[in-house]
Amino acid sequence: MNTLRIVYKNIKQRSLSSMLTILSVLLGVGLVTAILILKNESEEAFNQAATGYEIIVGPKGSSLQLTLSTVYQIGLPIQNMPIKVYDLLKNDKRVRLAIPYVFGDNYKNFRITGTVSELFSEFEYKKGIRYKIDEGSFFSNDFEAVIGKEVADKTGLKTGDTFSGSHGIESYEGASEHSEKKFKVTGILSRTFTPSDRIIFVSMNSVWELHNHENENNGSEDHHIISDSMKTISAVLLKLKSPVFFDLLRRQINENKYEGINAQAVLPLFEIKQLFDIIGNINSVILVIAYLVIFTAAVSILVSIYNSMNERMREIAIMRSLGARRFLIMKIIIFEGMFLSAAGALLGCIAGHAAVFFLQEKISGLSGIKISGFVFSMFEVYLITGTIILGIIVSIIPAVKAYRTDVSKNLNSGT
Amino acid sequence: MIKVKLIALTAMSFFFLMKKLLLSLLNDKSEMLKIKNLKKSFTNSKKEKFSIINIHEFSVNDCDQLAVSGESGSGKSTFLNLISGILRPDEGEILFGDTDIAKLPESRRDLFRARNIGYIFQTFNLLQAFTSLENVMLGMMFTGRTDKLRCIEALDKVGLSDRLNSKPSELSVGEQQRVAIARAIVNSPALLLADEPTANLDKKNSGIVIDLIKNLCHENKIILLLVSHEKEVVEEFKLQRYFSDINKSEVLQSN
Ligand SMILES: Nc1ncnc2c1ncn2[C@@H]1O[C@H](COP(=O)(O)OP(=O)(O)O)[C@@H](O)[C@H]1O
Ligand SMILES: [Mg+2]
């Protein structure tokens, strides 16, 4: 028999109230944990995904929209721009690598993106890392496709399989398929843990041709002749030879002083930072609410223990009559508060991670961002410690009541 | 030279020991508990002070079993609470041997009570969340010792060795009272205080409980001080006193 056992017995004796109290702490701590993991991990993942792109050049419009639609396939792309932009940039002395993207239709919600083969041979999506092929080979002809790992996993497409895309960026109920034009899968990319895992890469010609066909489906036979006006692109990804060209090139493009083209150049990392500043503000509001939930939970510990005090006066008096010191009685009550808050905090932390873990499918489905939910941060140690301290602080009030219990009165009240 | 001193010292201490032993043999009814000029008053709800205990002199000898009868409201429970050190008197001495517990600070009184005094109340002696055995172990916990075997033994002595793991709610009132007795004697206290221990029991159980208390106190050489307002209970004891003869407080005794 020791103090902790008494504490345990007391908690077990009022198991329903104890469980509800622990649950309320769990909710608060779980909420804070989940929000923080989501914020930290997604910011990290978003940045990771964008590191390969120094500059994105795209049609004029929202710079954030351009970034999100190009790097993460979130939201709709802005209007297309003429291929001339790509040709000019490719030949610019300051540019080391230019990769065009043209967003076409989709296959089961995975975007079919037209690009050039340099994407596979030269582009580094992370510092020093190029796309690798898991099986098959990169495409060499029109209407051949290289698909991301996620696409392969979700659709079950294998090399050699054929598929036809649906109109639009995302599929919708009743969308018609380009049944006449089928793509053939030539290769599957290794997993990159970036949004590229969710892309179907094809040649630009394939995308243009589909559109050409689409616009002339009144039965014309000149399917394969694509006019220059049809050759449009959605974005160009740029890597420069030196960072010193950054500012000038960006200004030239943005101020319409670049060979007369009408486009914008954005820095994805900057856009992401701005986005997360906004998200950060929303986050702070949610966090404040979550902290309030924890505080409410702490108050519920106080209420739960305090409410039990009246029934416990007699038992406290009995323990005192057996020789228990006032201080020990106080300690028992404080330990109870500590145990309830500690249990809630630890379980809440686990629940927060578990929630993110179970949500990760949904999150990566929405953003192509991979979040594990298993990254623990120092903050959680503070969160748990803080919650336990809070539990101790609130239990001081009933503990003082216990300390002050009039033993003789409570012993005699039974007689 | 040193040798001579040593022998003298040994002889002297031997002599003293023998003297003490002889004295104790001659005077084996030494006064174990002795109370002098004990006064306690309470304030009522109208903030008026009223005296409840005023005892000029009271003592119990080693191995005595004293039953005190008195009306309810006469201050018997208060008297026992003073002796056990739960309450502190306004004035007076409560001597256990040489120790005046009225002078001890509270934490020392608590420890003294844990080690030397067993206490049995009318009802609800037990903690509901704990089994019989755990309740008895709780009685030992505050002395700073743990001896599970001894606790099982104590429960065996009150005939409950088969109910070790029963919660109070699973026991009859008589059985609960027997657990309380086991808990009160488990530390081999010098003194057992029993505050109307049979008030909630039927005749049969009342007899069992009183016999148990008497026998266990006798076997373990524990002084028993029992208070009750029931004549039949007090008449079971050879040593009987009226509380009104002990307590001379002028408080209006109710009923
Ligand atoms: N802590 C206390 N504060 C105020 N009055 C008390 C307190 N304890 C007991 N009393 C009063 O003292 C009187 C004697 O009580 P008690 O010692 O329980 O008598 P008995 O045990 O003989 O019935 C009662 O009137 C009771 O109301
Ligand atoms: Mg009483």
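In the predicted model, A:Leu347 counts as partly exposed, because its relative accessibility of 42% falls between the limits of 20% for buried and 50% for exposed residues. A:Leu347 belongs to helix α10 of chain A, which spans residues 326-367. When residues up to four places away in sequence are left out, A:Leu347 is in contact with A:Ile22 and A:Leu26. A:Leu157 lies 190 residues from A:Leu347 along the chain, and the C-alpha atoms of the two are 41 Å apart.

In chain B, an open sheet is built from five strands. The order of the strands is β6-β7-β8-β3-β9, and they pair in parallel. The edges are occupied by β6 (117-120) and β9 (239-242) of chain B; each has a single partner strand, so one side of each is without a neighbour in the sheet. On average, and with direction ignored, neighbouring strands of this sheet are turned by 15° against each other.

The pairing of strand β3 of chain B (residues 65-69) with the edge strand β9(B) consists of four bridges, and the two strands run parallel. Within this part of the sheet, B:Ser69 is placed opposite B:Tyr242 of β9(B).

At the other edge of the sheet, where β6 of chain B is located, helix α3 of chain B (residues 106-116) lies across β6 and β7 (191-195) of chain B. The direction of helix α3 is at about 80° to that of β6(B).

How values were computed. Residues are numbered from 1 along each chain as its sequence is written. Chains are lettered from A and ligands numbered from 1 in the order in which they are written. This is a predicted model: local features need pLDDT of at least 70, side-chain atom pairs count only at pLDDT 80 or more; totals for chains, interfaces and linings use all residues. Side-chain values use heavy atoms; hydrogens and water are left out. Two strands pair if DSSP finds at least two bridges between them. Axes are lines fitted to C-alpha atoms, for helices over the stretch in contact, and angles run from 0 to 180 degrees between N-to-C directions. Contact means heavy atoms within 4.5 Å. Buried means under 20% relative accessible area, exposed over 50%, partly exposed in between (1.4 Å probe, protein chains only).
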